[in-house]
Amino acid sequence: MTIRRIGLSAVAVVIALVFAFPTYWMFTSSIKPRGEVLSTSYDLVPSSATLENYATALFSSDFLRYLGNSLLVTLTAVACSLVAGTLAALAMSRFRFRGRKGFLMLVLVAQMVPFEALMVPMFLFMRDLGLLNKLPALVLVYWITTLPFTIWSLRGFIDGIPVDLEEAAMVDGCSRAEAFRRVTLPLLGPGLVATSVFAFITAWNEFLYALVLMRSESLQTLPVFLQTFQTAFGTDWGATMASATLFTLPVLVFFLIVQRKMVSGITSGAVKG
């Protein structure tokens, strides 16, 4: 048993290193002088370090404006998705009505549709609504794209909460809404955290819709910002790597804050589905 555990731990460490190495490469490239970024030889530990690339990313561009756009759009879309997804998941889990299975199948199919396949109808839809080149268009798009996963995921979490708890609260005088707010919602906390992390990452990393729907540079998001270091004279890879490192920090900080609840949420969500 000990040998097996050591072997599994070694495999896990190797897999973790393989997935972590590109991130490490990105960070080390961001602190290298510009002349060493494109060197044919790669030093695992950089021989010299500089913050010049970070200064270029932060002060020679509108990084903070792009960051503000990304935070505004992503947080708003995730909040809307959690509210609508929680209510829909509650209905799917607690009520039995005609068309329920069909709706669940529709949610599952919506998750499988690639974003690129929806680009043309989504563009025409936003054009007809007069939302092109407006941040609410991105909020609506990210809300639509994250909602199916939110519903499907939260349904599993709600299924894992015994309905007897809500019924006991209603026997004590609570309405169904009060029973959900006072009993189910607090127990749903880890599931909300886990779902919000995945929805946040999906919206935060989205590039194509932000590029197509936002014509004005002042309204574009951080994924689009990363391509601004490509010019007719070449690509400033040092500044690009520095910007990519800064781009990952909000997600990393958010993940570290909610890590414990996220792990417990994933585990509890696997009880039923």
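**Exercise 1.** Which residues form a nonpolar patch on the surface, and about how much accessible area do they have together?

*Solution.* Keep in mind that this is a predicted model. Start with the members: V11, V14, I15, V18 and F19 make up the patch. Next, add up their exposure: together they have about 510 Å² of accessible area. Now zoom in on V11, which sits in helix α1 (residues 2-30). V11 has 48% relative accessibility. Exposed would need over 50%, so V11 counts as partly exposed.

**Exercise 2.** Work out which helices build the largest nonpolar core.

*Solution.* First, get the core itself: it has 29 residues, and F63, L188, W204, L222 and F225 have the most contacts inside it. Then go through the helices that each supply at least two residues: α3 (52-59), α4 (63-94), α7 (135-159), α10 (189-204), α12 (222-225) and α13 (237-257). Of these, α4 gives the most, with 7 residues. Finally, check what F225 touches: leaving out residues up to four places away in sequence, the list is A57, S61, F63, Y66 and S243. Apart from this core lies another one of 18 residues, including M126, A203, A210 and V224.

**Exercise 3.** Find how many disulfides the structure has, then decide whether C80 and C174 are buried or partly exposed.

*Solution.* Recall that a disulfide is a covalent bond between the sulfur atoms of two cysteines. Searching the whole structure turns up 0 of them. For the second part, use the cut-off: buried means under 20% relative accessible area. C174 comes in at 17%, so it is buried. C80 has 28%, so it counts as partly exposed.

Methods: Residues are numbered from 1 along each chain as its sequence is written. This is a predicted model: local features need pLDDT of at least 70, side-chain atom pairs count only at pLDDT 80 or more; totals for chains, interfaces and linings use all residues. Side-chain values use heavy atoms; hydrogens and water are left out. A nonpolar core is a set of buried Ala, Val, Leu, Ile, Met, Phe, Trp, Tyr and Cys residues joined through side-chain atoms within 4.5 Å. Buried means under 20% relative accessible area, exposed over 50%, partly exposed in between (1.4 Å probe, protein chains only). Helices (H or I, at least four residues) and strands (E, at least two) are DSSP runs, numbered from the N terminus. Contact means heavy atoms within 4.5 Å. A disulfide is a pair of cysteine sulfur atoms within 2.5 Å. Patches are made of residues with over 30% relative accessible area and no salt bridge: like charges are joined within 9 Å, nonpolar side chains (Val, Leu, Ile, Met, Phe, Trp, Tyr) within 5 Å. Accessible areas come from the Shrake-Rupley method with a 1.4 Å probe; for residues, only the protein chains shown count as cover. A salt bridge is a side-chain nitrogen of Lys or Arg within 4 Å of a carboxyl oxygen of Asp or Glu.
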